[in-house]
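Reader: Hey, I've got a protein model to go through and I'm new to this. Can you walk me through a few spots?

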Amino acid sequence: GEGFVSYRLQVGAGLNPLSWQQIGEDQSEPVEEGILGVWDTTGLEGLYALRLVVQRENQAIETVVTQITIDNTPPQVTIPYPVDGQIFSLAEQAEITLQADVQDGIGVRQVVWIVDSEEISDRSQPPYTLSWPLKIGEHTFEVKAYDVAGHVTYSEPTKITVEP
């Protein structure tokens, strides 16, 4: 804008930070539709405030603050049922309900059930269960979970056997 002298980027932890850290150096070149700075968020997690401070020729200072949620942790995924190595009898039951336990600090976007290397179903809301008709033979189940930040995690494979 008019009368621009310099800007700086700052970051603070939480909704209303008690302290601010500067990102990079003060910049005296105006930026139009470009990158203002680069912030390495490695190892960070949670809510942060990002502040842009602009100094004008008349010594006026303008600030703008925006909230950012950082999610560097992928979801955790397990299959509590069926249990690995479990044996089922088709004569005793026709189907089972597969269960996935999916945890993420920020939010789960999608959970995909994989049976015998084929994606067969997906869910975007809990419970992350699936009724599956038993078929004679050995079968492998996996769950692929995506969090809202785009991280992907696979469960350990669970293998079962279905006997006649």
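Author: Sure, one term to start: strands (E, at least two residues) and helices (H or I, at least four) are DSSP runs, numbered from the N terminus. This is a predicted model, where local features need pLDDT of at least 70, side-chain atom pairs count only at pLDDT 80 or more, and totals for chains, interfaces and linings use all residues. Residues are numbered from 1 along each chain as its sequence is written, and side-chain values use heavy atoms, with hydrogens and water left out.

Reader: Ok! Where does Pro82 sit?

Author: Pro82 is in the loop between strand 5 (76-81) and strand 6 (87-89). The peptide bond joining Tyr81 and Pro82 is cis, with omega about 5°.

Reader: And what kind of peptide bond runs from Pro126 to Pro127?

Author: That bond is cis, with omega near 5°. Pro127 belongs to the loop between strand 9 (118-123) and strand 10 (128-133).

Reader: New topic: is Ile23 buried or exposed?

Author: Ile23 counts as buried because its relative accessibility is 10%. Buried means under 20% relative accessible area, exposed over 50%, partly exposed in between (1.4 Å probe, protein chains only). Ile23 is part of strand 2 (residues 21-27).

Reader: Which residues is Ile23 in contact with?

Author: Leaving aside neighbours within four places in sequence, Ile23 has contacts (heavy atoms within 4.5 Å) including Leu9, Val11, Trp39 and Leu50.

Reader: What about Gln59, buried or exposed?

Author: Gln59 counts as exposed, because its relative accessibility is 57%. Gln59 also has a positive phi of about 75°, although it isn't a glycine.
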